[in-house]
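Q: Please take a close look at how the charged side chains are placed in this model, and then follow the chain outward from there. I'd like one connected account that I can read with the structure open beside me.

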Amino acid sequence: MAQINPYIHFNGNTEEAFTFYKSVFGGTFGTITRFKDIDFPPNLISENEMNKIMRITLPIGKHTMLIGSDVPKFLGQVNENENRSKIVVNTQTKEEADTIFEKLSAGGQIEVPMADASWGVYFGMFRDKFGIEWLIEFQS
């Protein structure tokens, strides 16, 4: 069966964001590749971007991986206020939903607090401190 994994772009703070996500979900990074690890044409990546993240992975659960990268200046800047796709986290318990919501939303902006939704799930929504939009759900 096909598998879907979210891939998030950042403006230079991928490592900070993924360290935060790791503190919430646990686990270890699968890969960390920096721009300096890749053979790019001369002058394409600036010297101050060489230590930025080209690709990082954080396995979450058995079948999901969160993937991210910094966007180098030659590709433009990520509009952090755009209407990005949201990442949905489905939990095993209501308590897990509350814990993940509380940790991931710390320093961010809560849009919908965790509560029973009219469509039959325990649900909450927020933008984390890095501007990424999350939906947390538990369906009993």
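A: Start with K86, which is partly exposed in this predicted model, its relative accessible area being 33%. The side chain of K86 reaches that of E133 in a salt bridge, with 2.8 Å from N to O. K86 sits in the loop between strand 4 and strand 5 (87-90), whereas E133 belongs to strand 8 (residues 133-138), so this pair ties together parts that are 47 residues apart in sequence. The two partners differ in setting: K86 is partly exposed, but E133 is buried, with a relative accessible area of just 3%.

E133 has another partner as well. R127 meets E133 in a salt bridge of 3.6 Å, again N to O. R127 is buried at a relative accessible area of 18%, and it counts as buried because the cut-off is under 20%. Through the shared partner, K86, R127 and E133 are joined into one network.

In total, the model has 3 salt bridges. One of them pairs E15 with R34, with 2.9 Å from N to O. This pair also links distant parts of the chain: E15 is in helix 1 and R34 is in strand 2, 19 residues apart. E15 is partly exposed at 38% relative accessibility. R34, at 19%, counts as buried, because that class takes in values under 20%.

E49 makes a nice contrast. What is the nearest side chain of opposite charge to E49, and how far away is it? It is K73, at 5.7 Å, and E49 is buried yet has no salt bridge. A salt bridge needs a side-chain nitrogen of Lys or Arg within 4 Å of a carboxyl oxygen, so a separation of 5.7 Å falls outside the rule. E49 lies in the loop between strand 2 (31-34) and strand 3 (53-60). Leaving aside residues up to four places away in sequence, E49 touches F35, V71, P72 and K73. K73 is thus in contact with E49, even though the two form no salt bridge.

Now for the framework around helix 1 and strand 2. An open sheet of 4 strands runs in the order 1-4-3-2, and its pairing is mixed. Strand 1 (7-10) and strand 2 are the edge strands, each pairing on one side only. From one strand to the next, the twist averages 15°. Strands of a sheet pair through backbone hydrogen bonds, in either a parallel or an antiparallel sense. Here, strand 1 and strand 4 (residues 64-70) are parallel partners over 4 bridges. To find this pairing in your viewer, look for H9, which stands opposite S69 in strand 4. Helix 1 (residues 14-25) lies across strand 1, strand 2, strand 3 and strand 4, and runs at about 5° to strand 3.

Aromatic rings come next. The model holds 10 aromatic pairs. F10 and F18 make an edge-to-face pair, with 6.3 Å centre to centre and 80° between the planes. Both residues are buried: F10 has a relative accessible area of 2%, and F18 has one of 0%. F20 and Y21 form a tilted pair, with their centres 5.9 Å apart and 55° between the planes. F20 and Y21 are buried too. A single aromatic cluster takes in F10, F18, F20, Y21, F25, F130 and W134.

F25, a member of that cluster, leads on to I100. The place of I100 is in helix 2 (residues 94-105), and at 8% relative accessibility I100 is buried. The C-alpha atoms of I100 and F25 are separated by 7.8 Å, although the two residues are 75 places apart along the chain. With residues up to four places away in sequence set aside, I100 touches V24, F25, V89, T91, S105 and I136.

To come back to the charges, keep two views in mind. K86, R127 and E133 share one salt-bridge network, while E49 is buried without a salt bridge.

Conventions. Residues numbered from 1 in each chain as written. Predicted model: local features only at pLDDT ≥ 70, side-chain atom pairs only at ≥ 80, totals over all residues. Heavy atoms only, no water. Helix = DSSP H or I, 4+ residues; strand = E, 2+ residues; numbered from the N terminus. Buried < 20%, exposed > 50% of the residue type's maximum accessible area, 1.4 Å probe, protein only. Lys, Arg positive; Asp, Glu negative; His and termini not counted. Contact = heavy atoms within 4.5 Å. Pairing = 2+ DSSP bridges. Axes fitted to C-alpha atoms, helices over the stretch in contact; angles between N-to-C directions. Phe/Tyr/Trp six-rings, centres within 6.5 Å; stacked < 30°, edge-to-face > 60°.
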